[in-house]
Amino acid sequence: MQRLRRPKIGDIMKMKILQALSTVAWVLVASSAQPQDAKYVLRYAPPADTFKSAIQAEDYEFNGTNASVQVYQFRPFNGNIEQQFQRTLLRDWIGPTHQEENVAGKPTFQKVAVPGADYAIAASFNESRVGLARPHNRMLIVKGNEAAIVDASAGTAQGWQMAVARLNQLAGTFKVEGAPAAAPLSIAAGSAIAGLYQGMKPKYVATMQNVTGYASYQTALHYYVFSANGRVHRAYDKLEAPGGRFDFDAAERRDPQNSGRYTVDSGKLVIRMTGENEPIVTEAPRNGILTIYSVAYRKQ
């Protein structure tokens with residue numbers, strides 16, 4: 001059997017740029033079934049010379065260029081995920097700020113090797129936005145019945161070329177491992193944290209201005225709601241809790257990416273949202289105030 005050679009992301013993009021303009025993106029896969037705690041996690045060293053977005057976890061913007069890369073962590077899936085990827089590029093699981101508007105031409109797919117994964121596939125394609133070509137590359141990583149995606153892109157071919165070396169370094173650090181078990185949540189800690197917390201946070205808003213798309217961030221209400229038994233959900237604008245009861249099952253089916261589990265470990269509140277590699281670790285609420293990513297949330 002011929003040994004699979006792991007191509008560099010930069011080589012893939014160079015080939016696409018010769019054919020036409022291209023960008024890089026790696027994406028994560030979600031499940032239509034009720035989400036579960038992921039068994040696996042994609043480990044990596046954060047890319048060099050980047051800054052991390054405060055809006056979305058595992059979203060890295062490159063300094064000096066218009067390129068970025070997002071990591072969407074493992075979650076369960078149903079059906080043939082490879083066929084879904086080839087048919088739709090799993091666009092629906094990309095954050096709204098990074099979704100392609102359309103695909104110009106036919107994407108190309110190439111299997112790559114990621115340590116610990118059952119298999120991985122990189123898709124290269126061009127996006128046409130307002131008459132400008134934006135190259136993309138999206139990597140699907142599969143282990144068992146779970147999948148992750150890493151999605152990188154740049155606004156121009158020149159911007160991508162400036163980020164190639166740093167993306168190559170990032171790709172070389174990928175490794176699939178078993179997800180660590182969380183510390184058990186005590187009844188006392190769960191009861192103390194349970195409730196609805198309200199804060200104000202920037203929200204991505206896309207509108208139409210004249211004939212072109214326009215996007216911005218606007219400050220909006222943002223909520224976290226915690227159950228006494230370790231479940232958590234977050235949402236903008238409002239959370240429906242008729243009779244003071246919140247339906248975590250329905251929320252998780254409807255919006256798995258904003259659902260998760262939490263525990264208290266050594267006095268710290270540890271929140272693991274579905275599809276995010278890095279947990280949110282912060283101080284437990286004090287006097288009804290919970291602080292997450294510098295946003296203060298008040299218990300309602």
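**View 1. R166 is a buried residue, with a relative accessible area of 13%.** The structure shown here and in the other views is a predicted model. R166 and D49 form a salt bridge through their side chains, with an N to O distance of 3.1 Å. R166 belongs to helix 3 (residues 157-171), whereas D49 sits in the loop between strand 1 (40-43) and strand 2 (50-52), so the salt bridge ties together parts that are 117 residues apart in sequence. Unlike R166, which is buried, D49 is partly exposed, its relative accessible area being 46%.

**View 2. The sheet is open and is built from seven strands.** The order of the strands is 2-3-4-8-7-6-5, and they pair in an antiparallel way. Strand 2 and strand 5 (104-112) are at the edges with a single partner strand each, so one side of each has no neighbour in the sheet. On average, neighbouring strands of this sheet are turned by 20° against each other, direction ignored. Strand 5 runs antiparallel to strand 6 (residues 119-129), and six bridges join the two. In this region, T108 is found opposite S124 of strand 6.

**View 3. Helix 3 lies across four strands: strand 3 (59-62), strand 4 (67-76), strand 7 (132-143) and strand 8 (146-154).** The angle between helix 3 and strand 4 is about 50°. The largest nonpolar core has 27 residues, and those touching the most other members are L42, V69, V114, I141, L167 and F174. At least two residues of this core come from each of strand 3, strand 4, strand 6, strand 7, strand 8 and helix 3. Helix 3 gives the most, with six residues. Another core lies apart from this one and has 14 residues, including I193, L269, M273 and L290.

**View 4. F85 is a residue of helix 2 (residues 81-88).** Its relative accessibility is 0%, and F85 therefore counts as buried. Leaving aside residues up to four places away in sequence, F85 touches L90, F109, I121, A123, R138 and L140. One of these contacts is R138; the C-alpha atoms of F85 and R138 are 9.5 Å apart in space, and the two residues are 53 apart in sequence.

**View 5. K268 and E283 form a salt bridge.** The closest N and O atoms of this pair are 2.3 Å apart. K268 is in strand 14 (residues 268-273) and E283 in strand 15 (residues 280-283), so the pair ties together parts that are 15 residues apart in sequence. K268 counts as partly exposed, with 32% relative accessibility, and E283 also counts as partly exposed, at 45%.

**View 6. K175 and E177 are joined by a salt bridge between their side chains.** The N to O distance is 3.8 Å, under the 4 Å cut-off for a salt bridge. K175 is partly exposed at 41% relative accessibility, and E177 is partly exposed with a relative accessible area of 31%.

**View 7. R231, D249, E252 and R261 form a network of salt bridges.** Side chains of opposite charge can pair when their charged atoms come close. Over the whole structure, a search finds twelve salt bridges.

Terms used. Residues are numbered from 1 along each chain as its sequence is written. This is a predicted model: local features need pLDDT of at least 70, side-chain atom pairs count only at pLDDT 80 or more; totals for chains, interfaces and linings use all residues. Side-chain values use heavy atoms; hydrogens and water are left out. Buried means under 20% relative accessible area, exposed over 50%, partly exposed in between (1.4 Å probe, protein chains only). Two strands pair if DSSP finds at least two bridges between them. Axes are lines fitted to C-alpha atoms, for helices over the stretch in contact, and angles run from 0 to 180 degrees between N-to-C directions. Contact means heavy atoms within 4.5 Å. A nonpolar core is a set of buried Ala, Val, Leu, Ile, Met, Phe, Trp, Tyr and Cys residues joined through side-chain atoms within 4.5 Å.
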